[in-house]
Amino acid sequence: MKRIDFSQFFLKKNNMLIPTSIKYEKKGTRKRAYFICICDCGSQTEITPEKFKIAFSCGCKKKNELQKLEEILLSIGIQLM
Ligand SMILES: [Zn+2]
């Protein structure tokens, strides 16, 4: 099995999530890696690296909702960074 260097992900933001550390959990004979991420909303979540790549938030916000919010804010002249 190929080893992945997870450190490349650290402190790099993916949408609303920032991975702060990594945790290994044994599942049977396999070791599974989890990123411990801090979300923009302030909550902490554990997520597998595979899911992290496609994740948007800890689950507090869905992409569509944020886009909608952005549109509303834009329409009243506020731009999100
Ligand atoms: Zn969140």
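**Figure 1. Helix α2 covers residues 63-75 of this predicted model.** The helix has 13 residues. At 1.5 Å a residue, α2 should span 18 Å. Its end C-alpha atoms are 18 Å apart, so the expected span and the model agree. How many residues of α2 are buried? The number is zero, so the helix lies largely in the open. After α2 comes Gly77. The phi of Gly77 is positive, near 90°.

**Figure 2. The whole chain shows two helices and three strands.** Read from the N terminus, the order of elements is β-β-β-α-α. The C-alpha trace spans about 55 × 20 × 20 Å along its principal axes. What is the radius of gyration of the chain? The chain has 16 Å, but a compact globule of 81 residues would have a value near 12 Å. Of the 81 residues, 9% are buried. Now take the contacts between residues at least 6 apart in sequence. Of these, 26% join residues at least 24 apart.

**Figure 3. Gly28 sits in the loop between β1 and β2.** Strand β1 covers residues 17-27. Is Gly28 buried or exposed? Gly28 has 6 C-beta neighbours inside 10 Å, and a residue with 12 or fewer is exposed, so Gly28 counts as exposed. Asn15 lies 13 residues away from Gly28 along the chain. The C-alpha atoms of Gly28 and Asn15 are separated by 32 Å.

**Figure 4. Strands β2 and β3 form a hairpin.** Strand β3 covers residues 44-47. The two strands run antiparallel, and four bridges join them. Which residue of β3 stands opposite Ile36? Glu46 does. Four residues lie between the strands of this hairpin. There, Gly42 takes a positive phi near 105°.

**Figure 5. Five residues make up the largest nonpolar core.** They are Leu17, Phe35, Cys37, Cys39 and Ile47. Which strand gives the most to this core? Strand β2, residues 30-39, gives three residues.

**Figure 6. Phe35, a member of that core, touches residues from other parts of the chain.** Set aside residues up to four places away in sequence. Phe35 then touches Phe9, Pro19 and Ile22. Phe35 also touches Ile47, Pro49 and Phe52. One of these partners, Ile47, belongs to the largest nonpolar core as well.

Terms used:
Residues are numbered from 1 along each chain as its sequence is written. This is a predicted model: local features need pLDDT of at least 70, side-chain atom pairs count only at pLDDT 80 or more; totals for chains, interfaces and linings use all residues. A nonpolar core is a set of buried Ala, Val, Leu, Ile, Met, Phe, Trp, Tyr and Cys residues joined through C-beta atoms within 7 Å. A residue is buried if 20 or more other C-beta atoms lie within 10 Å of its own, exposed if 12 or fewer, and partly exposed in between; C-beta atoms are placed from the backbone. Two residues are in contact if their C-beta atoms, placed from the backbone, lie within 7 Å. The expected span of a helix is 1.5 Å times one less than its number of residues. The radius of gyration is taken over C-alpha atoms; the globule rule is 2.2 Å times the number of residues to the power 0.38. Two strands pair if DSSP finds at least two bridges between them.
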